Amino acid sequence: MALREVRIQGDPVLEKVCRPVEKLTERLEVLIDDMLETMYDENGVGLAAPQVGVLRRIVVIDVGEGPIVLINPEIVEQDGEQTGSEGCLSLPGKAGIVTRPNHVVVKALDRNMEPVTVEGYELLARALCHEIDHLNGHMYTEYVEGPLQDVDYDEVEEIEDEE
Ligand code: ZN
């Protein structure tokens, strides 16, 4: 496993629509392991393949309940609303207020290419929406209400550790 460089907002790779995965090659398996390692190293709760420069529909998430790997994820149900602070590893040191569904149901393939359904509330729902947006070339900054805030790095790590 190896750490990958996280692309920063402004990099055109973050604005592209990613292609579905049809076959899980050895190369993509290595990518998934690297994405998990990179997410944990950066204290993030999620990471999408385009954030490490790969235009494939793969996301990894861990909201403190263990790693979730989703291939070709699609939101099939959403309801409710939550408004809260959101940040992104592709925009370090910033956060902004975003309203998201409070509950989503996502259909995807797991890392064995088996169909899986993931249901998320609150932080997990937010993370699912945020990461799936990346696969369609969208950043949370498109939906921010009010100005972006500067956040202290140590403070962010503390908050994420508590989650
Ligand atoms: Zn992000």
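Trainee: What volume does the second largest pocket have?
Mentor: This is a predicted model, where local features need pLDDT of at least 70 and side-chain atom pairs 80 or more, while totals for chains, interfaces and linings use all residues. Residues are numbered from 1 along each chain, and side-chain values use heavy atoms, without hydrogens or water. The second largest pocket (open points on a 1 Å grid where a 1.4 Å probe fits, with protein on both sides within 12 Å along at least five of seven lines; lining atoms within 4 Å of a point) is lined by residues including Arg4, Arg19 and Lys23. Its volume, the space filled by probe spheres on the joined points, is about 220 Å³.

Trainee: Nice! Which residues are the protein donors of the zinc ion?
Mentor: Look for donors (N, O or S within 2.8 Å of the metal) lying 2.0 to 2.2 Å from the zinc ion. Their spacing in sequence reads C-x41-H-x3-H. One SG and two NE2 atoms fit, from Cys88, His130 and His134.

Trainee: Where do Cys88 and His130 sit, and how many residues apart are they?
Mentor: Both Cys88 and His130 are buried (under 20% relative accessible area, 1.4 Å probe). Cys88 is in the loop between strands S4 (82-86) and S5 (94-100) (DSSP E runs of at least two residues). His130 belongs to helix H2, residues 122-135 (H or I, at least four). The pair thus links distant parts of the chain, 42 residues apart.

Trainee: Is Asn72, with its positive phi, buried or exposed?
Mentor: Asn72 lies in strand S3, residues 68-79, and has a phi of about 50 degrees although it is not a glycine. Because its relative accessibility is 19%, Asn72 counts as buried.

Trainee: And is Glu122 buried or exposed?
Mentor: Glu122, in helix H2, also has a positive phi, near 50 degrees. Because its relative accessibility is 51%, and the cut-off is over 50%, Glu122 counts as exposed.

Key. Donors are N, O and S atoms within 2.8 Å of the metal (3.2 Å for Na, K and Ca); water is not among the atoms, so sites may look incomplete.
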